[in-house]
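Let's take a walk through this protein together, going from the overall picture to a few spots worth zooming in on. Keep the viewer open as you read.

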Amino acid sequence: MRRRFGPRSTVIATALVLVTGPARAQMPPGALPAQPGLRIVSGQSVVIGGNAAGARERALEEAFRQAVDQSLAEFLDAATRAGQARAIKGLEARARTYVRRYRALEEGEANGAYSVHLEVEVDEPALRRAIETWGQSPSRAVPPAVVSGILLVSNGAPEATSLLLSALVAAGARAQLAEPAPKDVADAQRAANRANLPQVVLVSAQAAGEGSVRGTGKVAVSCRIAARVISAPSGLALGEPDAAPRAFAADEAGARAECLTRAAGDVAARLAPAGGAVTAPGGELRTVTVEADIVEPAAVVALLKGVRSVGSVSSAELRRVESGHAEIRARTRALATALAPALARDAALALSNVEVAGDVIRLRARLRPPATP
């Protein structure tokens, strides 16, 4: 649903600026220290020939370029940015590729222009990997972002490592387990280089039972999976994504398995966000239809919001709603085979019976129960 700017929203926005202005002045523009990679950016484009949809697309691209540029400003000093100006322009031209997801804080058409104000999560580990390639050959162009090959190394967590491998493969990533187990990180780097895998991921995990949940007959288990990502060629640390969910089941073993599975899916989403580079040929927009069997009416709104939050999706609209069924059409650069795993990572929804046929995704959607009893 698009918001249109008006006098009332202008007054509210002015009040917020007056209240929050001093606090924002103490942090870098667009940066939110609570979560790395999260940026607040704006974009604007003139509406030509009454085509507001096209203007919105251009405004989104401008906002994404700002978000990527803010992340690059933190990674690189002034001298490097000046020397790599051409490569940086190439990254900014593919800014949408480095957007994990975004949320519209405000958007609308006013005075012949379409404006957006977004909260954008930038895939900063992918940006760092792209920057690494600059030192290989001065004349070599920066390649498009892809799901890098991953060598998984278990750090005392074989069960979690296997679950993470399954989640990565389902997301379209090229990943394999390190067999035999490396002696140390240097040995893991050598094994990854021999297998032509650019990344080593050290996986650790823990799980703890929290006892019975009063009045439910369920047992609670909390868990955590952490992944330490290392560049195989250079040994540079690229990031440490982790996830720490909680799950409930009739017994502790079932709750533990459910918890670790969810954690593995969350970590895989950070290692191979939004289906990685599984995009349409040439990067053009295509229409993907999501046909969903809906368990409760509120799941329709949650599913539409989830589709729109995927970074590769330009727009999505609800085309049809019937008893227990909904149809959503999305304009996206990702293939349906990549969009489906991205939708499955939505924390608000539980998806099942997922099938992909061409540009059609069929699934069953219901709202997840609250994480705490």
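One cut-off comes first: a residue is called buried when its relative accessible area is under 20%, exposed when that area is over 50%, and partly exposed in between. With that in hand, turn to the cysteines: C223 and C259 are both buried. Bear in mind throughout that this is a predicted model.

The two cysteines make a good starting point, since the structure holds one disulfide. C223 and C259 form it, with their sulfur atoms 2.1 Å apart. The torsion about the S-S bond comes to about -100°, so this disulfide is left-handed. What does the pair tie together? C223 sits in strand β7 (residues 218-231) and C259 in helix α8 (residues 252-271), so the link ties together parts that are 36 residues apart in sequence.

Now zoom out. The protein has ten helices and 15 strands. Of its 373 residues, 43% are buried. If you take the contacts between residues at least 6 apart in sequence, 65% of them join residues at least 24 apart. As for the outside, the accessible surface is about 19,100 Å², and carbon and sulfur atoms account for 54% of that.

Next, find the sheet made of strands β11 to β15. Five strands form an open sheet here, in the order β12-β13-β11-β15-β14, and the pairing is mixed. Which strands stand at the edges? Those are β12 (313-322) and β14 (349-357); each has a single partner strand, so one side of each is left without a neighbour in the sheet. Going from one strand to the next, the twist averages 25°. As a bit of background, strands of a sheet pair through backbone hydrogen bonds, either parallel or antiparallel. For a worked case, look at β11 (residues 286-294) and β13 (residues 325-332), which pair in the antiparallel sense over eight bridges. Within that stretch you can pick out T287, which stands opposite R331 in β13. Then look for helix α9 (residues 298-309), which lies across β11, β12, β13, β14 and β15 (360-367). Relative to β12, helix α9 runs at about 160°.

On to the charged side chains. In general, side chains of opposite charge can pair when their charged atoms come close. Counting a Lys or Arg side-chain nitrogen within 4 Å of an Asp or Glu carboxyl oxygen as a salt bridge, the total comes to 18 salt bridges. One of them joins E74 and R39, whose closest N and O atoms are 3.0 Å apart. E74 belongs to helix α2 (residues 52-75) and R39 to strand β1 (residues 38-46), so this bridge ties together parts that are 35 residues apart in sequence. Are the two partners buried or exposed? E74 counts as partly exposed, at 48% relative accessibility, while R39 counts as buried, at 3%.

E327 has a busier set of charged partners. The side chain of R320 meets E327 in a salt bridge at 3.0 Å, N to O. R329 also forms a salt bridge with E327, with the closest N and O atoms 3.1 Å apart. E327 is buried, with a relative accessible area of 8%. Its two arginine partners are partly exposed: R320 has a relative accessible area of 31%, and R329 has 33%. Through salt bridges that share partners, R320, E322, E327 and R329 are joined into one network.

Two more residues round off the tour. F75 lies in helix α2 and is buried, with a relative accessible area of 18%. Leaving aside residues up to four places away in sequence, F75 touches E124, L127, R128 and I131. Take R128 from that list: F75 and R128 are 53 residues apart in sequence, yet their C-alpha atoms are 7.9 Å apart in space.

The other residue is T161, found in helix α6 (residues 158-170). T161 is buried, with a relative accessible area of 1%. What does T161 touch? Again not counting residues up to four places away in sequence, the answer is L152, S154, L177 and V203.

Notes. Residues numbered from 1 in each chain as written. Predicted model: local features only at pLDDT ≥ 70, side-chain atom pairs only at ≥ 80, totals over all residues. Heavy atoms only, no water. Helix = DSSP H or I, 4+ residues; strand = E, 2+ residues; numbered from the N terminus. Buried < 20%, exposed > 50% of the residue type's maximum accessible area, 1.4 Å probe, protein only. Contact = heavy atoms within 4.5 Å. Areas by Shrake-Rupley, 256 points an atom, 1.4 Å probe, with all protein chains shown as cover. Disulfide = S-S within 2.5 Å. Pairing = 2+ DSSP bridges. Axes fitted to C-alpha atoms, helices over the stretch in contact; angles between N-to-C directions.
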